[in-house]
Structure formats: C-alpha cells, structure tokens
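Thanks for sending this one over. Here are my notes as numbered points, so you can go through them with the viewer open.

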Amino acid sequence: MGWLFVVIPMVVLIVAGTILAIVLGLGKLTEPIDATNDYLSALQDGRYEDAYALLCDERRDTQTEEEFVRAVENEADEQGRVTGFDFKSSEITNGRATTEGTLEIDGVEYDARARLHDDDGDWRVCSVTFDG
C-alpha cells in the first residue's frame with residue numbers, strides 16, 4: 001500500500017507534464033496564425049502602417065512603408081478590399097511557416113495562403129496569396 005504514495009504522485013506529474021507540453025506546443029503552432037490574422041485585421045481596418053510593421057524583414061528591406069501603402073491602396077481599388085478572413089491552420093519548418101484559410105475580398109470568399117518568417121522570435125508575414 002505504501003507504493004501508492006510513490007506511484008500516484010508520479011502519475012499526476014506525468015499527466016500534468018503531458019498537458020503542459022500539449023498546451024505549449026499548440027501555442028507555438030498558433031503563433032503564425034495569430035500573426036496572419038493581425039496583419040489581415042490591420043489591412044481590413046485600413047491601418048496600413050500597422051500592417052507594414054507586421055511584414056517580414058525580407059519584404060520591408062525591398063519596399064518602403066510609403067510604397068507598401070500605395071501598393072495596398074492600388075490593389076484595393078483594383079481587386080477589392082479585405083472584408084473578412086479566417087485562417088486556422090499552419091505548417092512550420094525551419095523558421096518559415098505557411099498558414100491557410102479563407103480571405104474575403106468585397107464579400108467574396110477565396111481560399112488563401114500566407115507565407116511567414118520567424119524574424120528574431122516574431123512571426124512576420126511575407127506574402128498573402130489567394131485563388132481568384
């Protein structure tokens with residue numbers, strides 16, 4: 001009966017450790033999704049400067065904030081504005097991630113993908129593409 005005082009705490013620790021590992025692991029998987037949603041939310045709200053700040057270094061190195069804002073405004077005039085989005089899945093490999101979901105442009109829903117980089121511990125959007 002004395003062995004129960006050893007086994008039960010060990011089982012509790014193992015279960016608690018497993019739950020903690022799952023929770024932390026899922027958090028890592030959702031970080032690129034959160035970054036994608038933050039970026040698209042900024043675009044949807046017309047906060048283009050905020051969206052620019054969420055771009056990956058590679059993209060910001062090749063496009064100034066003014067160029068980005070002008071390009072986004074031109075795309076909105078030509079292709080429509082972001083009116084909704086729902087990104088739910090991500091795949092992470094070696095500091096790069098792809099998220100997938102839907103992107104709504106002027107009320108029309110499209111399948112979409114975002115490509116992200118882990119820039120110094122922060123996931124940043126490099127591109128968003130959609131079918132359509």
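1. Burial and surface. Of the protein's 132 residues, 29% count as buried. Please keep in mind that this is a predicted model. The accessible surface comes to about 8,400 Å², and carbon and sulfur atoms account for 54% of that area.

2. Overall order. You will find four helices and four strands in the protein. Along the sequence they follow the pattern α-α-α-α-β-β-β-β. Among the contacts with a separation of 6 or more, 44% are between residues 24 or more positions apart.

3. The β1–β2 hairpin. Strand β1 (residues 82–93) and strand β2 (residues 96–105) run antiparallel and are joined by 10 bridges. At one point along this pairing, Thr 93 stands opposite Arg 96 of β2. Two residues separate the strands of this hairpin, and Asn 94 in the turn has a positive phi of about 50 degrees.

4. The β2–β3 hairpin. β2 also pairs with β3 in the antiparallel sense, over 10 bridges. Here Glu 104 has Glu 109 in β3 as its bridge partner. Two residues lie between β2 and β3 in this hairpin as well, with Asp 106 in the turn showing a positive phi of about 50 degrees. If you check the backbone angles, Asn 94 and Asp 106 are good places to look.

5. The disulfide. The structure holds one disulfide, which joins Cys 56 to Cys 126 with an S to S distance of 2.2 Å. The link is right-handed, with 130 degrees about the S-S bond. What does the pair tie together? Cys 56 lies in the loop between α2 (48–53) and α3 (57–62) and Cys 126 in strand β4 (residues 122–130), so the disulfide connects parts that are 70 residues apart in sequence. Both Cys 56 and Cys 126 are buried.

6. A buried acid. Asp 119 belongs to strand β3 (residues 108–119). Which side chain of opposite charge is nearest to Asp 119? That is Arg 60, at 4.8 Å. Asp 119 is buried and yet has no salt bridge, because a salt bridge here requires a side-chain nitrogen within 4 Å of a carboxyl oxygen. Leaving aside residues up to four places away in sequence, Asp 119 touches Cys 56, Asp 57 and Arg 124. One of these contacts, Cys 56, brings us back to the disulfide with Cys 126.

Technical notes
Residues are numbered from 1 along each chain as its sequence is written. This is a predicted model: local features need pLDDT of at least 70, side-chain atom pairs count only at pLDDT 80 or more; totals for chains, interfaces and linings use all residues. Side-chain values use heavy atoms; hydrogens and water are left out. Buried means under 20% relative accessible area, exposed over 50%, partly exposed in between (1.4 Å probe, protein chains only). Lys and Arg count as positive and Asp and Glu as negative; His and the chain ends are not counted. Contact means heavy atoms within 4.5 Å. Accessible areas come from the Shrake-Rupley method with a 1.4 Å probe; for residues, only the protein chains shown count as cover. Two strands pair if DSSP finds at least two bridges between them. A disulfide is a pair of cysteine sulfur atoms within 2.5 Å.
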